[in-house]
Amino acid sequence: MNVYDGQKMADLLKPHGYRITEISEDADVSILNTCHIREKAEHKVFSDLGRLHAVKKDRKSRDDDRDMIIAVGGCVGQAEGEEITRQAPYVDMVFGPQSYHRLPEMLAQIEQKIKGKRKKIVDTQFPAISKFDFLPSASETPVNAFLVVQEGCDKFCHFCVVPYTRGAEYSRSAKTILQEAKHLLALGAKEITLLGQNVNGYHGEGLDGGEWSLGRLIYALAELDGIKRIRYTTSHPLDMHDELYDAHRDVEQLMPFLHLPVQSGSDLILDAMNRKHTVAEYLKIIEKLRAARPDIGFSSDFIAGYPGETAKDHQDTLELIKNVGYAQAYSFKYSPRPGTPASILQTQVPEDIKSTRLAELQDLVNVQQIAFNQSMVGKTLEVLFDREGKLPGQVLGKTAYMQSVTLNGDSSLFGNLLSVKIKHGHGNSLSGERL
Ligand code: 5AD
Ligand code: SF4
């Protein structure tokens with residue numbers, strides 16, 4: 001989502017004479033597009049701000065009359081608002097994820113100096129009108145394009161800041177989504193990943209005026225000329241629905257790989273987290289998806305050391321991981337976030353126990369990931385090539401399961417789905433021969 005927002009910000013500023021620079025020290029405007037999900041991400045913002053401040057001061061000391069406008073956008077901007085300009089007075093602008101469509105206007109205001117001092121802008125409103133009505137169409141796009149169909153979250157998991165930073169669930173209309181998809185395909189996209197914090201909770205206005213589910217939307221997208229692959233992320237188990245299972249069964253372009261975070265394998269912890277489903281219910285969903293699409297692979301997110309988590313709860317999570325056999329998973333130490341119910345619980349797990357549990361989770365996931373990659377050896381997989389490899393003369397692509405595959409070749413292969421016979425499975429990638 002942040003990558004998508006970043007691309008949109010660049011598209012918004014382009015007509016106003018701004019372009020992306022690869023050298024951040026050279027920038028006239030630096031925008032930090034920030035994440036508030038865990039404390040570590042937030043800390044990074046303040047260390048990056050320190051670095052930018054040094055550049056700004058250095059320019060002043062060299063009498064370089066090009067000043068640098070420093071902006072903090074995204075979810076840290078939303079959550080911290082004016083606190084940022086208090087802690088870092090050299091920041092000129094703070095805005096949340098719902099107001100970045102106003103960037104050109106905000107920048108213009110800042111450039112008008114008031115009494116020799118820059119006017120600061122802090123905009124963390126949730127405007128009544130959707131920003132999507134103001135975002136420009138992409139002017140260029142990668143082979144794998146992102147498309148936001150839904151934003152925000154009403155689930156209020158007890159550890160999570162997203163409902164506060166991204167706001168209430170909002171679904172775009174199928175008409176605007178299909179228009180954007182057509183535009184991306186015309187620009188050369190081959191794969192479209194539908195995005196939303198609760199993407200399978202999508203319930204937008206359909207082309208027939210009724211409400212469409214994500215499953216229904218996927219059927220419509222699959223009809224568009226040139227669409228080779230469809231993905232969606234991130235889903236919540238409670239929002240899996242019949243049309244979506246059907247789409248996994250029927251829609252060839254819908255990739256057999258699903259990120260379906262479960263967070264914990266203990267019913268007690270799931271309840272404490274306010275996830276509103278049990279382990280057995282989650283496993284039932286996995287089973288239904290496998291029935292619809294037998295070759296489907298899964299990934300998940302896990303939190304290690306949620307408040308009150310016992311050694312037994314942790315073992316239950318390891319059991320669940322073994323049981324499902326994930327192709328991939330992300331795991332994080334629980335990070336108390338301001339304003340969330342879990343952050344004020346007295347039962348916080350000590351840091352060293354969190355670290356040990358995280359390492360155990362990650363070791364198990366790594367073993368499974370390698371086994372999953374090795375299970376591909378001897379198979380012929382379709383790979384969509386989209387970028388240069390690390391070594392000259394190599395290109396890199398992705399399988400349906402998001403594994404990286406390198407092949408000798410050049411950019412003429414970009415956008416092509418090629419059959420590759422897999423010879424080796426490694427930790428993070430596969431290698432093989434083009435058929
Ligand atoms: N601490 C640790 N991990 C978190 N996540 C969300 N909030 C927290 C938190 N407070 C993780 C969840 C979620 C992913 C995007 O980030 O696993 O699925
Ligand atoms: Fe956060 Fe996802 Fe829970 Fe929403 S469903 S509160 S985004 S973890």
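Start with helix α8: its buried residues pack against α7 (174-186), β8 (191-195), β10 (211-213), β11 and α9 (242-250). This is a predicted model.

**Stop 1: helix α8**

Select residues 214-222, the span of α8. The helix is mostly covered, with seven of its nine residues buried. Colour those seven: Leu214, Gly215, Leu217, Ile218, Ala220, Leu221 and Ala222. Then go to the start of the helix. There, a side-chain oxygen of Ser213 comes within 3.3 Å of the backbone nitrogen of Gly215.

**Stop 2: Arg231**

Move to strand β11, residues 229-233, and pick Arg231. Is Arg231 buried or exposed? Its relative accessibility is 8%, so Arg231 counts as buried. Show its surroundings next. Leaving out residues up to four places away in sequence, Arg231 touches Glu191, Ile192, Thr193, Leu194, Met255, Phe257, Thr399, Ala400 and Met402. For a distance check, draw a line from the C-alpha atom of Arg231 to that of Leu396: 19 Å, across 165 residues of chain.

**Stop 3: domain 1 against domain 2**

Now colour by domain. The domain assignment gives domain 1 as 2-123, domain 2 as 137-255 and domain 3 as 380-434. The C-alpha centres of domain 1 and domain 2 lie 29 Å apart. Select the contact residues: 14 in domain 1 and 17 in domain 2. Between them, about 1,200 Å² is buried, with carbon and sulfur atoms giving 50%. On the domain 1 side, Tyr4, Ile37 and Gln98 lose the most area to domain 2, together 39% of what that side buries.

How many salt bridges are there between domain 1 and domain 2? The count is three. Select Lys14 and Glu140 for a salt bridge with its closest N and O atoms 3.6 Å apart. Five residue pairs are in polar contact between the two domains, both residues being at pLDDT 80 or more. Helices α1 (2-13) and α3 (74-80) each supply at least two residues of the domain 1 side. The largest share, six residues, comes from α1. By type, the domain 1 side divides into six nonpolar, four polar and four charged residues.

Stay on α1 and select Lys8. Lys8 counts as buried because its relative accessibility is 6%. Beyond four places in sequence, Lys8 touches Tyr100, Leu135, Pro136, Ser137, Ala138 and Glu180.

**Stop 4: salt bridges**

Widen the view to the whole structure, which holds 29 salt bridges. Pick Asp28 and Arg66, whose closest N and O atoms are 3.0 Å apart. This pair links distant parts of the chain, 38 residues apart: Asp28 is in the loop between α1 and β1 (29-34), and Arg66 is in the loop between α2 (39-61) and β2 (69-73). Asp28 counts as partly exposed at 39% relative accessibility. Arg66 is also partly exposed, at 32%.

Next, select Glu309 and Arg357, which meet in a salt bridge at 2.9 Å, N to O. Glu309 sits in the loop between β13 (297-304) and α12 (311-324), while Arg357 belongs to helix α13 (residues 351-374), 48 residues apart. Both Glu309 and Arg357 are buried.

Go on to Asp386 and Arg387, a salt bridge with closest N and O atoms 3.0 Å apart. Asp386 is buried at 14% relative accessibility, whereas Arg387 is partly exposed at 41%.

Finish with Asp5, Lys131, Glu151 and Arg166. Salt bridges link these four in a network.

Notes: Residues numbered from 1 in each chain as written. Chains lettered and ligands numbered in written order. Predicted model: local features only at pLDDT ≥ 70, side-chain atom pairs only at ≥ 80, totals over all residues. Heavy atoms only, no water. Domains from an automatic or database assignment. Contact = heavy atoms within 4.5 Å. Buried area = accessible area lost by both parts, 1.4 Å probe. Salt bridge = Lys/Arg side-chain N within 4 Å of Asp/Glu carboxyl O. Polar contact = N/O pair within 3.5 Å; in protein donor to acceptor, adjacent residues only side chain to side chain. Helix = DSSP H or I, 4+ residues; strand = E, 2+ residues; numbered from the N terminus. Nonpolar A, V, L, I, M, F, W, Y, C, P; charged D, E, K, R; others polar. Buried < 20%, exposed > 50% of the residue type's maximum accessible area, 1.4 Å probe, protein only.
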